[in-house]
Amino acid sequence: MFTTAIAGVLSISFAAIFSFTLLSKLVERMVSLSVGIMLSTSLLHALPRAFESGTDPRSLFACLLGGLLAFFLLEKFAILRHSHHHEGDGHHHEHGHDAHEAGKAGWMILIGDGMHNFTDGILIAAAFLADPGLGMVTALAIIAHEIPQEIGDFIVLLNAGFSRTRAYIYNLLCSLMAVVGGVLGYFTLDQASNLIPYVLVLASSGFIYIAVSDLMPQMQRRASLKETIPQIILVGCGVMLVLFMTQHQH
């Protein structure tokens, strides 16, 4: 409960600081660090832990494939759901249409974010049940990837007419859904420990998909040597951070 609550509060608070002060350079750096943390958490810890459980590897690989495809479809749905027009785009709408549409987008963002945080809580619980060290790095990975996402949410909410205070409070309330998911996941998975490897694989598929399909393409848009060197260093820092936090578990 403590870890899920802290993960939510930290990600929301850092996102608010970055959003409200427009520290865009730090946000870009956070993307590179997130890639290192997410990939190393998935490939060096969560997946090995799942495969060491004795579960049939073919069923775990099928779960990994299903998870990757599910995240692809979820992203497709989110893109279609959040697509909207802008004033002057050549479409004719009544006066105030944009503000109305932006307001709806703001509430949809909050609902989707609450569901996403609920799932994150379940994943953190599964990781803690497998290994406390893995639980900590999973929470760290979730915080790292949530910050850029929450920044985007803040931008949508501010555009929808929310004040900074309201945007922060509503996002904070949504983040507490992670605590609900964590408690439910802990007691449910504790009674069905055979499901833990599958949840770990699903968590890994989410981390891998986000890193490879979303974050790394953002990094590729800045392909100059001046931008590439810091990116490589920060990816390496993310990997080393995860290794440092988990080395005592082996």
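Buried means under 20% relative accessible area, exposed over 50%, and partly exposed in between, with a 1.4 Å probe and protein chains only. By that rule Glu 52 counts as exposed, because its relative accessibility is 62%.

This is a predicted model: local features need pLDDT of at least 70, side-chain atom pairs count only at pLDDT 80 or more, and totals for chains, interfaces and linings use all residues. Residues are numbered from 1 along each chain as its sequence is written, and side-chain values use heavy atoms, with hydrogens and water left out.

**Overall fold**

The protein has nine helices and zero strands. Helices (H or I, at least four residues) and strands (E, at least two) are DSSP runs, numbered from the N terminus. Of the 250 residues, 42% count as buried. Contact means heavy atoms within 4.5 Å. Among contacts with a separation of 6 or more, 85% join residues 24 or more positions apart.

**Four residues compared**

| Residue | Place | Relative accessibility |
|---|---|---|
| His 45 | helix α2 (residues 24–51) | 10%, buried |
| Glu 52 | loop between α2 and α3 (57–82) | 62%, exposed |
| Asn 117 | helix α4 | 5%, buried |
| Asp 131 | loop between α4 (97–130) and α5 (132–159) | 7%, buried |

Two of these residues pair with distant parts of the chain. His 45 and Val 242 are 197 residues apart along the chain, and their C-alpha atoms are separated by 9.1 Å. For Glu 52 and Pro 197, the sequence gap is 145 residues and the C-alpha distance is 8.9 Å.

**Polar partners**

A polar contact is a pair of N or O atoms within 3.5 Å; within protein, one must be able to donate a hydrogen and the other to accept it, and residues adjacent in sequence count only if both atoms are side-chain atoms. Asp 131 makes such a contact, side chain to side chain, with Arg 49 at 2.5 Å. Asn 117 uses its side chain to reach the backbone oxygen of Cys 174 at 3.2 Å. Leaving aside neighbours within four places in sequence, Asn 117 is in contact with Glu 146, Glu 150, Cys 174, Ser 175, Met 177 and Ala 178.

**The cavity**

On a 1 Å grid over the protein atoms alone, a cavity is a set of points where a 1.4 Å probe fits but cannot get out; lining residues have an atom within 4 Å of a point. Grid points are joined across faces, edges and corners, and a volume is the space filled by probe spheres set on the points. The structure holds one cavity of 30 Å³ or more. The largest cavity has a volume of about 70 Å³. Its lining includes Asn 117, Glu 146, Ser 175 and Ala 178. Helices α1 (2–21), α4 and α5 each give two or more residues to that lining.

**Helix α7**

Helix α7 covers residues 177–191. The expected span of a helix is 1.5 Å times one less than its number of residues. The 15 residues of α7 should therefore span 21 Å, and the end C-alpha atoms are 21 Å apart, which agrees. Ala 178, Val 179, Gly 181, Gly 182, Gly 185 and Leu 189 are buried in α7. An α-helix has 3.6 residues a turn, so residues three or four places apart point the same way.

Note on methods:
On a 1 Å grid over the protein atoms alone, a cavity is a set of points where a 1.4 Å probe fits but cannot get out, and a pocket is an open set with protein on both sides within 12 Å along at least five of seven lines; lining residues have an atom within 4 Å of a point.
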